[in-house]
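Me: Please take a close look at the side-chain contacts in this model. I want ring pairs, charges over rings and salt bridges, with cut-offs.

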Amino acid sequence: MKHMGVSLIMLVLISARVTVAFSSEVSKDVPIQIDFSYNDHATSSTSLTESARVGERTDASGLWKYTLSNGGVTIIAYHEEGPLGALKIPAQIDGYPVTGIGDDVFAWRDGITSVTIPVGVTSIGNSAFFSCSSMTSVSIPNSVREIGVCAFASCDSLISVIVPEGVSILEQEVFCDCTSLASLTIPSSVTFIADWAITKSPNLVLTVTRGSYAERYAKQYNFPYRYPNSSAILNDPVTIIKTGWFDEYPQKTVGEAFDAFLGSISWESFNGNDGNTYVNATGYVLQGEKRMLETVQFRVYDDNRFDVTSFEVGGRRKDWREFDSFLSAVFR
């Protein structure tokens with residue numbers, strides 16, 4: 001503002017005609033008269049403001065509202081009557097390249113089923129696609145460098161996302177509560193993942209680069225993960241148990257034997273208060289005419305070894321002799 005004030009004073013001085021009346025007998029009591037006459041064509045403060053301000057615009061179709069900065073378009077609104085379904089965001093609007101998607105632009109649009117973001121976009125704003133509950137996929141180009149807080153949070157139907165190389169931070173809650181998310185690829189360029197950036201969903205497996213920050217994150221927070229071009233899932237406690245075996249019964253994996261023996265079996269992993277990772281295998285067996293619920297609890301170690309910590313039948317803890325009898329029936 002200080003700079004603009006100086007500019008306006010200079011313009012006034014330049015556009016004014018200054019007349020100073022001097023007398024050969026100037027008395028200190030006689031004031032010097034200065035007459036300012038303004039030019040009607042002098043530059044006004046309004047035109048200066050307009051030239052400095054980047055305004056909101058609407059394209060010819062009426063669907064897109066945007067701002068223009070450095071020759072690039074940032075989309076700030078999409079008309080509520082605009083077509084949804086498989087949405088393709090244009091690469092250009094009114095002849096200008098689209099470089100950004102602003103905050104909240106597509107939030108709560110239940111009708112969007114998929115999104116294709118064009119090459120050239122470098123930033124995706126906060127909550128840009130928040131709670132697009134029918135969106136199953138999104139294509140993010142390699143030009144993107146920033147993805148905002150909650151950008152894809154609560155997208156309940158989203159199945160797979162590839163974060164492009166070049167993104168360095170996964171912001172808070174960016175993929176939070178994406179309950180159907182099964183595959184999330186995190187590039188080696190990511191050097192920080194914020195709190196609650198990713199929440200676990202039942203089938204989620206991260207794809208990470210060996211030795212990357214994302215791999216360390218997956219190990220720290222017990223996310224199942226794999227390396228690119230590999231189908232082997234690492235760090236998944238349930239998979240470790242189900243594909244492992246007891247030394248006394250090497251003929252079958254734990255998963256094969258337990259799944260065949262226990263009815264309505266469920267497998268659940270969790271982190272204990274002691275910092276260890278546990279897996280519960282719970283299912284029903286018939287004892288005479290009675291249906292009894294049995295639970296075997298496993299503890300998983302960082303090197304993928306495991307042991308059994310408890311065995312319960314009908315909610316009552318049993319001793320190791322009874323567990324040995326159970327195992328011999330399971331692997332019979």
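Reply: Ring contacts come first, then charged ones.

The model is predicted: local features need pLDDT of at least 70, side-chain atom pairs count only at pLDDT 80 or more, and totals for chains, interfaces and linings use all residues. Residues are numbered from 1 along each chain as its sequence is written, and side-chain values use heavy atoms, with hydrogens and water left out.

The structure holds 24 aromatic pairs. Rings of Phe, Tyr and Trp (its six-membered ring) pair if their centres lie within 6.5 Å; planes under 30 degrees apart count as stacked, over 60 as edge-to-face and the rest as tilted. Take Phe129 and Phe152. Their ring centres are 5.3 Å apart and their planes sit at 0 degrees, so this pair is stacked. The pair links distant parts of the chain, 23 residues apart. Phe129 is in the loop between strands S10 (123–124) and S11 (137–139), Phe152 in the loop between strands S12 (146–147) and S13 (160–162). Strands (E, at least two residues) and helices (H or I, at least four) are DSSP runs, numbered from the N terminus. Phe129 is buried at 0% relative accessible area. Phe152 is also buried, at 0%. Buried means under 20% relative accessible area, exposed over 50%, partly exposed in between (1.4 Å probe, protein chains only).

Tyr217 and Tyr221 have ring centres 4.9 Å apart and planes at 45 degrees, so they are tilted. Tyr217 is buried at 7%; Tyr221 is partly exposed at 39%. Ring pairs also build a cluster, whose members include Phe246, Trp267, Phe298 and Trp320.

Next, charges over rings. The test is NZ of Lys or CZ of Arg within 6 Å of the ring centre and within 35 degrees of the ring normal. Lys200 lies over the face of Phe223, 5.3 Å from the ring centre. Arg305 lies over the face of Tyr301, at 4.8 Å.

There are four salt bridges. Each needs a side-chain nitrogen of Lys or Arg within 4 Å of a carboxyl oxygen of Asp or Glu. Lys219 and Glu215 form one of them, with the closest N and O atoms 3.9 Å apart. Both lie in helix H3 (residues 213–220), four residues apart, and so about one helical turn separates them. Lys219 is partly exposed at 45%; Glu215 is buried at 6%.

Asp259 and Lys242 meet at 3.3 Å, N to O. Asp259 is in helix H5 (residues 254–261) and Lys242 in helix H4 (residues 237–242), so the bridge ties together parts 17 residues apart in sequence. Asp259 is partly exposed at 35%, and Lys242 is partly exposed at 27%.
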